[in-house]
Amino acid sequence: MSHPDIINISIAILFLPLLGFVSVIFLSKKISKMYIVETVILGLTLALSIYIGFQKLFVLKGEEIVFAFNWLDYDNLTIELGIKIDNLTVIMLFVVNLISFLVHVYSIEYMRGDKRYNRYFAYLGLFTFSMLGIVLTHNLLMMYIFWELVGLSSYLLIGFWFEKDSAANAGKKAFLVNRVGDIGMFLGILILFTTYGTFTFDTIFAQIGEGIMPFGSFEWLGIAGFLVFLGAVGKSAQFPLHVWLPDAMEGPTPVSALIHAATMVAAGVYLIVRIFGLLTADALLYIAIIGAVTSFVAATIAVTQNDIKKVLAYSTVSQLGYMVMSLGIGAYAFAFFHLVTHAFFKASLFLGSGSVIHSMHHEQDIRFMGGLKDKMPITFWTFVISTAALCGIPFTSGFLSKDGILAGAFAFGNLTGHWIIPVLGFAVAFLTAFYMSRLVILTFFGKPRDQHKYDHAHENPKLMTVPLMVLATLSIFVWFSFNPFDSSSGAFLGEWVKTPTQAFAEGSYEYSQTGMQTVHEELTPQLFEEEIHHAHYPAMFLSLGLTGIAVFLAFMIYYREKISADNLESRFKGIHTFSLNKWYIDELYHATAIKGTMVLSRMLFWFDKYIIDGIVNGSAYVTRFVSYLSKLFDTFVVDGLVNFSAFITGFFGASLRRVQTGKVQTYIVYVVFSIIIILVLI
Amino acid sequence: MEGMPILSLITFLPVLGMVIILLLPSRNEAGIKYTALGITLLQVILAVMMLSGFNYNLPGVTDESTFQFVEKFRWIEIQEVSWLGTVKVDYFLGVDGISMPMVLLTAIVSLIAVISSWKIPKAIKGFFALFLLLDTGMMGVFVALDLFLFYIFWELMLLPMYFLIGIWGGPRKEYAAIKFFIYTLLGSVFILLVMIGLYFSATETLADGSKVFTFNIIELANQANYNSDGILSPFNPQNWRYIAYIALFVGFAIKIPMFPFHTWLPDAHVEAPTPISVILAGVLLKMGTYGILRIAFPVFPEVTRELMWYIALFGMINIIYGAFVALSQKDFKKLIAYSSVSHMGYVLLGMASLTSTGINGAILQMFNHGTITAMLFLIVGVIYDRAHTRGIDDFGGLATKLPVYTGFVTVAFFAAIGLPGLSGFVSEALVFVGAFSVESIRVVTVISTLGILLGAAYMLWTLQRIFFGKFNEKWEGLTDIDSREMAMFIPLTIIIIFLGVYPSAMIDIMNTSVSALAEFMNSAGNNLLGGM
């Protein structure tokens, strides 16, 4: 198989879903079954991506395939768009297409009867197209373009049921919160483009390798990298921009599985993976801290939520925090590994929750569920397997990837003294196991708490359960490593995904090392690798221990009810309310950013209306007033003077008339008198 | 096409249409409408013909010999006027890469505006006659290369606009019309003063070797033509070039409209009938920025260089301020009007960079804003025609009732937000890339990026309030758009998507000229700044 074929197929994979979108939008009025076309297209792209994945991973192996063309070319500026196919790309192509396809299939049943049924599938197609663009890009500009398109399609999908205000609000919130991060990303891209004159990742890395720095300083490279990372803070729902994701659960549940578990939110992590070569040690440390904090904050919130999807949403935020943290500490391969494993088991969990919600007449509150395990066995078992993967129970994929991240955190703490990161990491492991056990127990075990809805509950048809089974199967360790306790023996980490040491060795490493020396002693990739190896078993036992305790606690509280949940709640009232209200972060934003913007907006409008326009109208009034005055002046002064002089003339004329007698004698008398007076005066 | 006076044709064709309309009896409404439609359609065809004959490699800008479709002859000539010598004004038309996109824009928007005028309720004959006169004025501004002629076209467009707002407008039409008129006239006075100052400061050499004072914009950009004592001559140590520049700039800035001279715009828009709003936002505002690029920049390169930071600053204020004010509007049309203020800020910012990327972005933004805003005002018009209200909060949930309309609205709104794949993104991105690359205006540029967020905020909020949420039963009777309305939306949508995906189509037209302009601003500015 030659390279052009791979490129052509990749381009086909990219554009087929767009074709689906366009055709569904335009034809669904005439053909009511357009959703099938869209689903078949996704099946096709899935088949194609499996095919090129196989070619790339097993035949071409390490080779990278690049295809680029000039999008804008003028003067001194050439803007190139293009795709790059490496191992990461084909793995992501498979993940995105598989989950998208399964979600399509699942949605055929789940969304049946919706009045915008076809349109829903069109949006899924648009979303898949946008996401695939992010996966395939070899440059920052195209990344940004598709990044925003993902924003658009998620806006449409989250707000799909726009008749509900909450859904419309959630869509808008998602878009705007993402845009906050995007501004940072955009500025970062501007710095990089101004410096390097290109958007292409590899060209930028090469120039960094040559020692070219933005504005000539190493710090600015760090700032630029961090700014681009802010895009990921938005899209991957990192603290403090995580607030949109839980609200986004207003969208149809399969959408949550697709975009809020497996793809859109993973785009942020994927972005960091792609720009890893330009992140300096300082930037990475901040990234690690943001990831760890996100992961912890979200986990603490998930513990008290009662909406099944909200729990999963916060769990997603928390796990994304894990990935980001993992990238920040340099455990690059584990982060990507977790991205993939998480995509499968979290999609499974979301689709599982959808299955529950579907059969419970759209009940989402776990306080009204319970005892569903016998009624919905497939949903139950797939849910349990995925939960086990999320909690990091051995023999699951999640165990392998999570273990790697925690070992990395442990090693990082050990080497650098930043113990806050492993501490938060392990705390999250404990919390995760606890809230997921709580969720499973409250949903599937015990007695039904709403008998009426329970009676209605039933297992869903195959269209919904088969995707669950596929995803649950993929949550098992064998796909990633035959040794259930050591991921490095599998092809995924052993061969396919490697921390980009090349970028390190040739370029940024030199600089990273200088940075790293100041920040964390002598941390080199080799040393780190070794330390992770040492940390492997301690980290594993610690996390297993914590998970065991958490599951046991949850079991005692919610299943055996030996410990009263209500008692705990009232004992820790403050903490509980704080967690239940999501740390009041939304309220904080409302009171500051949103309110501030609105107040400022109204103030400026007032200013515009009364001051700026006031001056305009004022000057008009002044002009009119002046013209009125001049009219007065005209009437009374100018005209008055004229009239007055006429009057004076008339007056004197009248009085002097008497002098004029017409007699010569009188005139002679006047003349004589006058002469006498003049003479006297002289 | 060789030898055909295509610029005169495209400019004065509407006058011909006006004459025909005036000759038609006023009860022949169909005849009047179809005449206007035919004329504007012909104009589009001429513009496309021009484009097909347009040589992308000729710069124009400050080089008279590389302007295209040039028509030049002596128009007014008075020999030996006492101390003035010979007074002459040329009829001088020509286009280059800077004006070509504007000619296209004017032709397209005029055609769309005619389609949207189909249901003008009263005095149809007068409306279309004035409309076509306006069309001539606009087209003339973009093709005139003689300052005197430019000024005539500039003023020509004012009068029909005044009546179009003042007669066919909304409840406060008189106020809005007079405000527009006086404000613009005030700007014109500034322009006129500078024009006269320039006239007495520079000469051009005629074929017979004699030197005469000149209104030729291209000759005015050549410093060698300035005499040593002219009031606006760079060689006169006591010259008034800064003051003249500011006066000229303000004259044009009123049209853009630049903060703080923008308040006529919301009033004019709110009162104007839909097609006039479309023309106003789609074409008229561009005349301001075009004037700056065509006249203020090349004639005063060194002053521009000195003041570029302020231009960028005002661009930033327009972007941020316009967006903030738009956010609290309750009237749909006023919101769109303020969004225009915000979006024109990008044009200023891009121009201020004086880089070819930034200026390309600015002109592209002029074109894109023209099409996008035209579409936005049409959207307002569609809903206003049906509901007779523009209050954003009066609606709700219309997306269920008017799905096709909502589809177009979504495209237009996201284009305005700058979504990649739609044209607005490319121009905004180029503006930012160009402006960011210049160190002196970098901070201003960074602050301006807030506009990206605020723009999304007011647009999406509006989208939600009108189209999402619970359907307001009051609007049960509303119907989705008809085929005539489709005929105005579809071409614009195609342009918006096409230029979003393939911006080179437009960039290639303007690039040679823009690089020449950027190069000129650099070298001429340097010469003059260094020489003083």
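Helices (H or I, at least four residues) and strands (E, at least two) are DSSP runs, numbered from the N terminus. This is a predicted model, in which local features need pLDDT of at least 70 and side-chain atom pairs pLDDT 80 or more, while totals for chains, interfaces and linings use all residues. Residues are numbered from 1 along each chain as its sequence is written, chains are lettered from A and ligands numbered from 1 in written order, and side-chain values use heavy atoms, without hydrogens and water.

**View 1. The largest cavity, with lining from chains A and B.** A cavity is a set of points on a 1 Å grid over the protein atoms alone where a 1.4 Å probe fits but cannot get out, and lining residues have an atom within 4 Å of a point. Nine cavities of 30 Å³ or more are counted. The largest holds about 150 Å³ (the space filled by probe spheres set on grid points joined across faces, edges and corners). Its lining has 18 residues, and those closest to the centre are Leu141(A) and Phe199(A) together with Phe425(B), Ala429(B) and Val433(B). Chain A gives two or more residues from each of strand E1 (65-74), strand E2 (77-85), helix H5 (140-158) and helix H6 (165-196), as chain B does from helix H17 (423-436). H17(B) has the largest share, five residues. By class, 17 lining residues are nonpolar (Ala, Val, Leu, Ile, Met, Phe, Trp, Tyr, Cys, Pro), one is polar and none is charged (Asp, Glu, Lys, Arg; the others, Gly among them, are polar).

**View 2. The second largest cavity, lined by residues of chains A and B.** The volume of the second largest cavity is about 80 Å³. From chain A the lining takes Tyr144(A), Arg179(A) and Phe186(A); from chain B it takes Gly418(B), Phe425(B), Glu428(B), Ala429(B), Phe432(B) and Ile452(B). H6 of chain A and H17 of chain B each supply at least two of the lining residues. The largest share, four residues, again comes from H17(B). Six of the lining residues are nonpolar, one is polar and two are charged.

**View 3. The cis peptide bond before Pro240(A).** Phe239(A) and Pro240(A) are joined by a cis bond with omega near 5°. Pro240(A) sits in the chain A loop between helix H8 (218-235) and helix H9 (244-247).

**View 4. The cis peptide bond between Ile256(B) and Pro257(B).** Omega of this bond is about -10°. In chain B, the loop between helix H9 (241-255) and helix H10 (264-271) contains Pro257(B).

**View 5. His361(A), a residue other than glycine with positive phi.** The phi value of His361(A) is near 55°. The residue belongs to the loop of chain A between helix H14 (332-359) and helix H15 (377-391).

**View 6. Leu354(B), not a glycine but with positive phi.** Phi of Leu354(B) is about 55°. In chain B, Leu354(B) lies in the loop between helix H13 (332-352) and helix H14 (356-387). Leu354(B) is buried (under 20% relative accessible area, 1.4 Å probe, protein chains only), at 11%.

**View 7. Chain B, with 21 helices and four strands.** The C-alpha trace of chain B spans about 75 × 60 × 40 Å along its principal axes. Of the 532 residues in chain B, 69% are buried. Among contacts (heavy atoms within 4.5 Å) in chain B with a separation of 6 or more, 79% are between residues 24 or more positions apart.

Key
On a 1 Å grid over the protein atoms alone, a cavity is a set of points where a 1.4 Å probe fits but cannot get out, and a pocket is an open set with protein on both sides within 12 Å along at least five of seven lines; lining residues have an atom within 4 Å of a point. Buried means under 20% relative accessible area, exposed over 50%, partly exposed in between (1.4 Å probe, protein chains only).
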